[in-house]
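Trainee: I'd like to take a close look at one part of this protein, the way its helices pair up. Could you walk me through it slowly and show me how it fits into the rest of the chain?

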Amino acid sequence: MAEAHQAVGFRPPLTSDGGEVELSPPLLQEIYLSGLRSWKRHLSRFWNDFLIGVFPASPLSWLFLFSAIQLACFLQLDPSLGLMEKIKESLPDWGAQHHRLRGILAAALFASCLWGALIFTLHVALRLLLSYHGWLLEPHGVISSPTKTWLALVRIFSGRHPMLFSYQRSLPRQPVPAVQDTVRKYLESVRPVLCEEDFEWISALAQEFLKLQASLLQWYLQLKSWWASNYVSDWWEEFVYLRSRNSLMVNSNYYMMDFLNVTPTPVQAARAGNAVHALLLYRHRLNRQEIFPTLLMGMRPLCSAQYEKIFNTTRIPGVHRDHIHHLRDSRHVAVFHRGRFFRVGTHSQSGLLSPRALEQQFQRILDDPSPPCPHEEHLASLTAAPRDMWAQVRKSLKTQAEEALEAVEGAAFFVSLDSEPLGDAAGDTPEPSGDSAASLDAYAHALLAGRGHDRWFDKSFSLIIFSNGKLGLSVEHAWADCPISGHMWEFTLATECFQLGYSADGHCKGHPDPSLPQPQRLHWDLPDKIHLSISLALRGAQALAENIDCHVFPFSHFGKSFIKRCHLSSDSFIQTALQLAHFRDRGQFCLTYESAMTRLFLEGRTETVRSCTREACSFVRAMEHQEKTDPQCLALFRLAVDKHQALLKAAMSGQGVDRHLFALYIVSQFLRLQSPFLNQVHSEQWQLATSQIPVQQMHLFDVHNYPDYVSSGGGFGPADEHGYGVSYIFTGEDTITFHISSKKSSTRTVRLTHARPPSFLGGPFFGLHPRHMEVLRLGVESELQLPAHTGSEPPQLAATPDPLPTE
């Protein structure tokens, strides 16, 4: 999601005098350290797997194997072909009376070796099977015989009852694409947005790069791919996120929203109690690996490595780079209310506090009349400051207020009890307008930026509860990508609403616990020298917050159900429509960033889908050409959708463009090789940054009986000063909720907070006029001879799963 801004903003680190910071250690040492970190993670996971049961086998399978060997020995058979006798001879001689014990030990050692060899064979076989990506290349909704055979073999070798990290050692490594293919795909992607002269210039730079530097840089990447778990992910986290010196607010964080049209309770403390309890239940399941791994097509596992740092995690600022600090456990949350910080314990001697007990603690904070200490109210604005500034101030803060700082940074997560009522969307109209639309926009803005001083942006995520009971998340991006926090958020909303529930008066179920101690007020001894820093940080954070423009747009004319009926990819449908919307806003095409996941591979994160293709541009021009007939536009539309699907599948299978070019650029910086081509690639601007939020656990929600009780997604800031950030989620079967952002300071973007902004948001589906969408819908229906869908009730069709979620 918000990674587009960081990717665009990536530049080699600079010193204060403008010179480049030397990348240390040297390249070969960096590759060695990268592999060393990977192997340490492997060892920690292996030990964890051993403690909870070796997958796909189990301790019982070892016992069964040992018993079978003992039975064979009793029947005077030797299944080891003499190996057990040799093992027995190598054991110490404990005398004749222990002869049988030596035989049992020899059988146990042989059984262990055979058991380990069988497990290793299963892992190798499963890894080879998971390296097959032919299923991605098949037409949407079609499963060929080879893919069916592959699915059956995966089912056989996958074992039963997998836990969250069960597949980690069987996932293949992300391949390094051929550099010639990457350059060719790059040139193809920029052709629609460049004039003939500029395209010839960049093509010449590309050919020079292939001749002079590509083979050397590619060799180092191949070396790293053999040694480390992933050839790009650790550098992506290091250079795009942790070395960025920009403010985290708006630039890096993103937000997740509550239910759009309903609020389970208006009692703020009660909503906080249930939500915090549900989050801690999720953490408990996470620690016990009881969360089922995400499977595409119900069979192909995705990497689960990013789940490790959801809780108890803080991004610690540094002068040149940040680092992610993760604790094994934390038994409290940090709470902010009216400028004051509190430490609230989440456990008692009998275990996790009940929702009613947590509500009681939050209500005590809401009722506390004490004022904040001097400058305490705006202290959190330092986490929204440039990272080098915050790193310097934090040194003083750690000396003067170490206990309070550790309580916040060591919390399971951060909770903000806001004093404003936000997020009420009056009515269920397809297109909110007036006060309803303004309320949603203010709600999104509050989750993304707040007031600049009421979020601790360093925490992995902050839970925000407004005074009317609406809530949301603000998520830091470095530790993981949106599907991870989205999975947690879906569980939280479903659990706190459908399982925990509320009493008739809106409070959490159960009874208060008067024996609980009062929440601990955190006291900050702030030295005078940081007062000025807080004022400067607050001023910068408020300016950044005031400059961001947000708009939430629920589109209910049709949704995923209709798109499926047309046998089209829902994501490709939206991406192609967005190209038309942007063209009508700007009158030109631009590079478009769409985030796609690469979690098919071990420790994979994301790849870029360059959605502005020649096929999409041809469709847009046809839609703007009055002489083009509807069948002609429809044919071009299908070509554009098919092209986008091909790009998405290539990105998911490790054959994308941007991460490979990024890794080549990092190698060139280590080697101090100047490449005009790579420099030009990383100076490009993404004026349209997009991301789909996948719904991963629809079984938790009853969209037919309770259509309003579904997540409404979230959003992020624009990647470019003069661009848009667009996030969208398919809410149920017949609604698409869009989250759009831009900068108010830009003279090239429209003001999103207008009741009826021009062009880009002038009608349903952004710049698409309702008449055009109706023509497109009727054209598809007539071509497929489908019954017309009025939109008043969802069509009853067999659900065909879309196996290609983006980020």
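Mentor: Here is a walk from the whole chain to two helix pairs, and then to a few buried loop residues.

Keep in mind that this is a predicted model. The mean pLDDT of the protein chain is 85, with 85% of its residues at 70 or more. Two stretches deserve caution. Over residues 13–22 the pLDDT stays under 50, and the model gives them 13 contacts beyond four places in sequence. Residues 778–805 also have a pLDDT below 50, and that stretch has 50 contacts beyond near neighbours in sequence.

Now for the overall build. The protein chain has 24 helices and 20 strands. Of its 807 residues, 60% count as buried. If you take the contacts with a separation of 6 or more, 80% of them come from residues 24 or more positions apart.

Let's turn to the helix pairs. Two packed helices are described by the angle between their axes and the distance between the axes. Start with α7, residues 179–190, and α8, residues 196–212: they pack at an angle of about 175°, and their axes are 11 Å apart. Angles over 145 degrees count as roughly antiparallel, so α7 and α8 are roughly antiparallel to each other. On the α7 side, the contact is made by V179, Q180, V183, Y186, L187 and V190. They face F199, I202, S203, A206, F209 and L210 of α8. Sorted by class, this contact has 10 nonpolar and two polar residues, with no charged ones.

The second pair is α20, residues 614–624, with α21, residues 630–652. Here the angle is about 155° and the axes are 8 Å apart. That angle makes α20 roughly antiparallel to α21. The crossing of α20 past α21 is left-handed. From α20, the residues E615, A616, S618, F619, A622 and M623 take part, and they meet C633, L636, F637, L639, A640 and K643 in α21. By class, the contact of α20 with α21 has nine nonpolar, one polar and two charged residues.

Next, step back along the chain to the loop that leads into α7. P172 lies in this loop, between α6 (145–158) and α7. What is its relative accessibility, and is P172 buried or exposed? The value is 5%, so P172 counts as buried. Leaving out residues up to four places away in sequence, P172 touches R127, L130, S131, R300, L600, F601 and L602. P172 and S229 are 57 residues apart in sequence, while their C-alpha atoms are 9.1 Å apart in space.

Two other loop residues are worth finding on your screen. V250 sits in the loop between α10 (233–242) and β1 (254–257). Its phi is near 70°, which is a positive value in a residue other than glycine. V250 has 1% relative accessibility, so V250 counts as buried. N312 is in the loop between β3 (300–301) and β4 (313–316). The phi of N312 is near 60°, again a positive value in a residue that is not glycine. With a relative accessible area of 4%, N312 is buried.

To tie the helix part together, look once more at both pairs: α7 and α8 are roughly antiparallel, and α20 is roughly antiparallel to α21.

Terms used
Residues are numbered from 1 along each chain as its sequence is written. This is a predicted model: local features need pLDDT of at least 70, side-chain atom pairs count only at pLDDT 80 or more; totals for chains, interfaces and linings use all residues. Side-chain values use heavy atoms; hydrogens and water are left out. pLDDT is the predictor's confidence in each residue, from 0 to 100. Contact means heavy atoms within 4.5 Å. Axes are lines fitted to C-alpha atoms, for helices over the stretch in contact, and angles run from 0 to 180 degrees between N-to-C directions. Helices (H or I, at least four residues) and strands (E, at least two) are DSSP runs, numbered from the N terminus. Angles under 35 degrees count as roughly parallel, over 145 as roughly antiparallel, 65 to 115 as roughly perpendicular and the rest as oblique. A crossing is left-handed if the near helix is turned anticlockwise from the far one by less than a right angle, and right-handed if clockwise. Ala, Val, Leu, Ile, Met, Phe, Trp, Tyr, Cys and Pro count as nonpolar, Asp, Glu, Lys and Arg as charged, and the others, Gly among them, as polar. Buried means under 20% relative accessible area, exposed over 50%, partly exposed in between (1.4 Å probe, protein chains only).
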